[in-house]
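Dear colleague,

Please find below the structure that I am passing on to you. My findings follow directly after it.

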Amino acid sequence: MRVNWNYIKAVVLLVLIAFLFAFSSLRNAERNVLNVAVNFIVKDNLFITQETVDKLLIQKGGDLTKVPKDILDLNGLEIALNSNPMIKTAEVYLTVNGEVRADIKQRTPIARVSTYASYYIDDEGLSMPLSANYTTRVPLVKGYVEKNNLENIFVIAEKIYNDEFLKTHIVEIYQKQDKTIILKTRIFDFEIVLGNLDRLDKKINNFKAFYQKAKKDKSLNKYSKVNLQFENQVVCTKK
């Protein structure tokens with residue numbers, strides 16, 4: 001019976017490769033983390049600093065550069081970062097070169113409540129604390145506002161945030177006790193009476209049409225109130 005030496009060589013080679021791979025993987029897992037890198041998805045206007053992120057990572061995992069990669073708790077680090085009220089999402093992972101990387105996406109405020117309490121409303125309609133690191137320029141919310149009932153304010157704040165015309169002109173949202181809304185502009189001293197938020201798009205379009213006509217007529221400074229509550233018309237009160 002002839003011995004198939006080529007077959008035996010192939011088997012030995014495969015066993016050797018498997019052994020070397022297992023040995024290399026074991027040695028690699030036993031090595032410590034080489035570095036920790038924090039990456040902010042949006043690098044401007046940061047409400048949370050890299051120093052704060054570093055502290056959160058240290059509080060959860062200690063000095064990560066002294067931790068072997070095989071016992072590194074990436075999920076625990078993500079949970080620690082996501083518990084911060086300024087962070088929307090955090091993804092923590094280990095790169096092939098032994099670096100722990102944290103990709104941070106911060107929350108986006110679209111309005112700032114300024115009543116008996118001060119806080120932001122974010123783009124998901126949730127309350128968000130103010131930041132000592134950065135203050136963003138968003139409409140102020142005043143009047144009767146309940147922190148556990150922000151839905152009405154969120155609707156108009158989101159509309160302003162996503163509309164360049166409104167974003168440029170509106171600086172204040174005032175909510176009355178009956179949940180009706182009054183807006184104030186950046187330049188002109190008239191108030192815009194929205195009332196309830198029914199037919200909101202129609203009311204906004206009516207205001208834009210009024211604004212363009214009044215701007216053309218140079219009459220924007222003549223009014224103290226612009227009422228949008230009526231169907232298909234804008235009722236103005238002169239000073």
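In the protein chain, 51% of the contacts with a separation of 6 or more are between residues 24 or more positions apart. Please note that this is a predicted model. The protein chain contains six helices and twelve strands. Of its 239 residues, 37% count as buried. The accessible surface of the protein chain comes to about 14,700 Å², and carbon and sulfur atoms account for 53% of that area.

I turn next to the nonpolar cores. In soluble globular proteins, nonpolar side chains tend to be buried together. Here the largest nonpolar core has 34 residues, and those with the most contacts inside it are Ile-156, Ile-173, Leu-183, Phe-190, Leu-194 and Phe-207. Helix H6, spanning residues 200–217, gives the most to this core, with six residues. Another core lies apart from it and has 21 residues, including Phe-40, Leu-72, Leu-77 and Ile-104.

Leu-194 shows what surrounds one member of the largest core. When its neighbours within four places in sequence are left aside, Leu-194 is in contact with Ile-156, Ile-181, Leu-183, Leu-200, Lys-203, Ile-204, Leu-228 and Gln-229. Ile-156 and Leu-183 thus appear among the contacts of Leu-194, and both are also listed with the most contacts inside the core.

The strand pairing around E7 deserves a description. Strand E7 (residues 140–143) runs parallel to strand E4 (residues 109–114), and two bridges join them. Strand E7 also runs parallel to strand E8 (residues 170–175), to which four bridges join it. Val-141 of E7 appears in both pairings: Val-113 is its bridge partner on one side, and Ile-173 in E8 stands opposite Val-141. Ile-173 is, in turn, one of the residues with the most contacts inside the largest core.

Strand E8 also holds Glu-172. Is this charged residue buried or exposed? At 12% relative accessibility, Glu-172 counts as buried, because the cut-off for that class is under 20%. Not counting residues up to four places away in sequence, Glu-172 touches Pro-139, Leu-140, Lys-142, Ile-182, Leu-183 and Lys-184.

The aromatic residues form a further theme. The structure holds ten aromatic pairs. In one of them, Phe-47 and Tyr-134, the ring centres are 5.4 Å apart and the planes stand at 70 degrees, so the pair is edge-to-face. Phe-47 lies in the loop between strand E1 (35–40) and helix H2 (50–61), whereas Tyr-134 lies in the loop between strand E6 (127–128) and E7, so the pair ties together parts that are 87 residues apart in sequence. Phe-47 is buried, with a relative accessible area of 7%, while Tyr-134 counts as partly exposed at 25%.

A second pair has another geometry. The rings of Phe-188 and Phe-190 have their centres 5.9 Å apart and their planes at 5 degrees, so this pair is stacked. Phe-188 is buried, with a relative accessible area of 15%, and Phe-190 counts as buried at 1% relative accessibility. Both belong to one aromatic cluster, which is formed by Phe-165, Phe-188, Phe-190, Phe-207, Phe-210, Tyr-211 and Tyr-223. Of these, Phe-190 and Phe-207 are also listed with the most contacts inside the largest core.

Two lysines are placed over aromatic rings. The charged end of Lys-147 sits over the ring of Tyr-119, 4.8 Å from its centre. Lys-167 lies over the face of Tyr-161, at 4.2 Å from the ring centre.

Finally, I draw your attention to the backbone at two loop positions. Lys-179 is not a glycine, yet it has a positive phi of about 75 degrees. Lys-179 lies in the loop between E8 and strand E9 (181–185), and it is partly exposed, with a relative accessible area of 30%. Arg-199, also not a glycine, has a positive phi of about 55 degrees. Arg-199 is found in the loop between strand E10 (191–195) and H6, the helix that gives the most to the largest core. With a relative accessible area of 34%, Arg-199 is partly exposed.

With kind regards

Definitions and conventions:
Residues are numbered from 1 along each chain as its sequence is written. This is a predicted model: local features need pLDDT of at least 70, side-chain atom pairs count only at pLDDT 80 or more; totals for chains, interfaces and linings use all residues. Side-chain values use heavy atoms; hydrogens and water are left out. A nonpolar core is a set of buried Ala, Val, Leu, Ile, Met, Phe, Trp, Tyr and Cys residues joined through side-chain atoms within 4.5 Å. Buried means under 20% relative accessible area, exposed over 50%, partly exposed in between (1.4 Å probe, protein chains only). Contact means heavy atoms within 4.5 Å. Two strands pair if DSSP finds at least two bridges between them. Rings of Phe, Tyr and Trp (its six-membered ring) pair if their centres lie within 6.5 Å; planes under 30 degrees apart count as stacked, over 60 as edge-to-face and the rest as tilted. A charge sits over a ring if NZ of Lys or CZ of Arg is within 6 Å of the ring centre and within 35 degrees of the ring normal. Accessible areas come from the Shrake-Rupley method with a 1.4 Å probe; for residues, only the protein chains shown count as cover.
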